[in-house]
Amino acid sequence: MFEKENNNKTKYVFVTGGVASSLGKGIISASLARLLQARGYTVAIQKMDPYINVDPGTLNPYEHGECYVTEDGAETDLDLGHYERFTAIATSHANTMTTGKIYQSVINAERRGDFLGKTVQVIPHITDEIKRRIMLLGKKGGYDVVITEIGGTVGDIESAPYIEAVRQLRYEYGFGNTLALHLTLVPYMRASGELKTKPTQHSVKQLLEYGLQPDVLVLRSEEDLSPELRRKVALFCNVSPNAVVQSVDVPTIYEVPLMMHAQGLDKVVLEKLHLPCEGEADLTNWIEFVERIKNPKDTVNIALVGKYTALPDAYKSISESFIHAGAVHQVKVKVTYINAEEINDQNAAEVLGGWDGILVAPGFGQRGVDGKLAAVRYAREQKVPFMGICLGMQCAVIEFARNVLGYADACSAEWEMPSWHKVIDIMEEQKNVSEKGGTMRLGSYPCRVKRDSNLYKAYGQEVIFERHRHRYEFNSSFLEEFEKAGMKATGINPETGLVEAVEVEGHPWFVGVQFHPEYKSNVKHPHPLFVGFVAAAIENRKK
């Protein structure tokens, strides 16, 4: 059991959602964190996902969107990307948990005999493990506030243990040290021209049945909510009127912190957590960033070629990185998603002609690869600024081998096809790996950058650290042939010799990277590689 008195200065905010999924709990959590940072508080955010997968690493992007990777190699929900982009604080394994991880931990403990023969149950054993992990982040990091987002929707069977754990924790840790924020939907009935609060009332009622009273309500809506409607919600849901905040649609998610601040969300949260709220929040840089996004001087058009293009969230970090880079140059980067399966050598000019830059996206498997190879070839031959990420870089290598070196059978060892020229091969440490989950080369690794390269011009330093998520690598036995023909290795892992980046000589901007630069771009530090790519696209547009 936890001590009822607060022996730890860390305060805890729990964010739940009701009525419908995908309302933006991650954005609200990240926005609140940014506002608290602007008032001088140290903040961390963690995500509790109710699915039984141990992590999203084996999930198809169409199932759950992008799989985000942290510095220490955790494969996580895409919301952790929002946390990092808003707060500029690196997340880790400690910032994410799933039902799969919770049950795995408890079952392993039972197998060891840790429970001394007791019957293992959801309450107290599963809920105790959830509480332990929630508190661990605050104890280890020494943060002023830890925000915990609970995935799913209140009323879902799979979310119930998390809600119960929060109920227990609020009682044990103290109500003044914890806060419950509930995000719900207020739908607009266009036929009658009315906003309906009943779904919110029922959602709060469901939360109350679990024993959890929300302290703050954030109402998601397409229309402005009148003061009368917000007072009505406050009355029916037992929440103080100043703690009912609206979240209407805005042109960019980066306006959400400003919208929340204008309604005093940060003040309400600090007051309810008994934390000082003196002076004004310092949001100067954030406001300037939003202004640059909203008032671009020009537009550049980027074609993103991938195979998960029906769901843009599959490439969420890439699209957000373009927003950050666009703000640096004060241009709007318009990203158009193009299905790789609809491109070939015959129609590449028709499909890709006129774009200011082409990015070939990461992915796995052979489906869509022929289209990616056609896109690479078009960008290389037509001198269109190009970036290839992970599989995109591997496609750049294969295309060069086939069409410049003349190796018609060049391929990746990932593909089941006979070849004498597997220019992309499986990594040595991956050869005996049989399990799929969490076994790739994951997390941050060093890369030594060659000075005479676009890579060096972007970073301005010789050693960089970037995050990885792959099993296959450039086959270095072919490196000499590639470099003689004009494809140079401009980034090398100093410890293993792994080729991390390639560039094509005589091309204005052609960069393929094995790592994922999009994972490290945030509002405070737009990623230099995306900044460089957008600059090249701007130059190409001028021509």
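# A tour of the predicted chain

Buried residues make up 56% of the 543 residues in this protein chain. The model on screen is predicted.

**Whole chain.** Start with everything shown as a cartoon. The secondary structure consists of 18 helices and 23 strands. The radius of gyration is 25 Å, close to the 24 Å that the globule rule gives for 543 residues, so the chain is as compact as a globular protein of that length. Turn the C-alpha trace along its principal axes and the spans are about 70 × 60 × 45 Å. Of the contacts between residues at least 6 apart in sequence, 73% join residues at least 24 apart.

Now switch to a surface. The protein chain exposes about 22800 Å², with carbon and sulfur atoms supplying 49% of that area. Colour by charge: there are 60 positive and 69 negative side chains, and the centres of the two sets lie 3 Å apart.

**Helix 10.** Select residues 265-272, which form helix 10. Which residues of this helix are buried? They are Leu265, Asp266, Val268, Val269 and Leu270. Keep those five side chains visible and add what they pack against. Among the partners are strand 1 (11-17), strand 7 (178-185), strand 10 (216-221) and strand 11 (244-248). Two helices also belong to the set, helix 1 (25-38) and helix 9 (256-262). Then step past the end of helix 10 to histidine 274, where phi is positive, near 60°.

**Cysteines.** Select the cysteine sulfurs next. How many disulfides are there? The count comes to zero. Cysteine 67 shows the reason in its own case: the closest cysteine sulfur, in cysteine 390, is 12 Å away, which is too far for a bond. Cysteine 447 is likewise in no disulfide, and its nearest cysteine sulfur, again that of cysteine 390, is 14 Å away. Are these residues buried or exposed? Cysteine 67 is buried, with a relative accessible area of 10%. Cysteine 447 also counts as buried, at 1% relative accessibility.

**Alanine 458.** Move to helix 16 (residues 454-459), where alanine 458 is located. Show leucine 529 as well. The two residues are 71 apart in sequence, yet their C-alpha atoms are 5.6 Å apart in space. With neighbours within four places in sequence left aside, alanine 458 is in contact with Pro528 and Leu529.

**Asparagine 493.** Where is this residue found? Asparagine 493 sits in the loop between strand 21 (487-492) and strand 22 (499-504). Although in a loop, asparagine 493 is buried, with a relative accessible area of 1%. To see what surrounds the residue, display Arg441, Tyr445, Pro446, Leu498 and Glu500, which asparagine 493 touches when residues up to four places away in sequence are not counted.

**Threonine 299.** Finish in strand 12 (residues 298-306), which contains threonine 299. At 26% relative accessibility, this threonine counts as partly exposed. What does threonine 299 contact beyond its neighbours within four places in sequence? The residues to select are Lys332, Lys334, Asp356 and Arg541. For a last distance, draw a line from the C-alpha of threonine 299 to that of tyrosine 173: the two residues are 126 apart along the chain, and the line is 51 Å long.

How values were computed
Residues are numbered from 1 along each chain as its sequence is written. This is a predicted model: local features need pLDDT of at least 70, side-chain atom pairs count only at pLDDT 80 or more; totals for chains, interfaces and linings use all residues. Side-chain values use heavy atoms; hydrogens and water are left out. Helices (H or I, at least four residues) and strands (E, at least two) are DSSP runs, numbered from the N terminus. The radius of gyration is taken over C-alpha atoms; the globule rule is 2.2 Å times the number of residues to the power 0.38. Buried means under 20% relative accessible area, exposed over 50%, partly exposed in between (1.4 Å probe, protein chains only). Contact means heavy atoms within 4.5 Å. Accessible areas come from the Shrake-Rupley method with a 1.4 Å probe; for residues, only the protein chains shown count as cover. Lys and Arg count as positive and Asp and Glu as negative; His and the chain ends are not counted. The place of a charge is taken as NZ of Lys, CZ of Arg, CG of Asp or CD of Glu. A disulfide is a pair of cysteine sulfur atoms within 2.5 Å.
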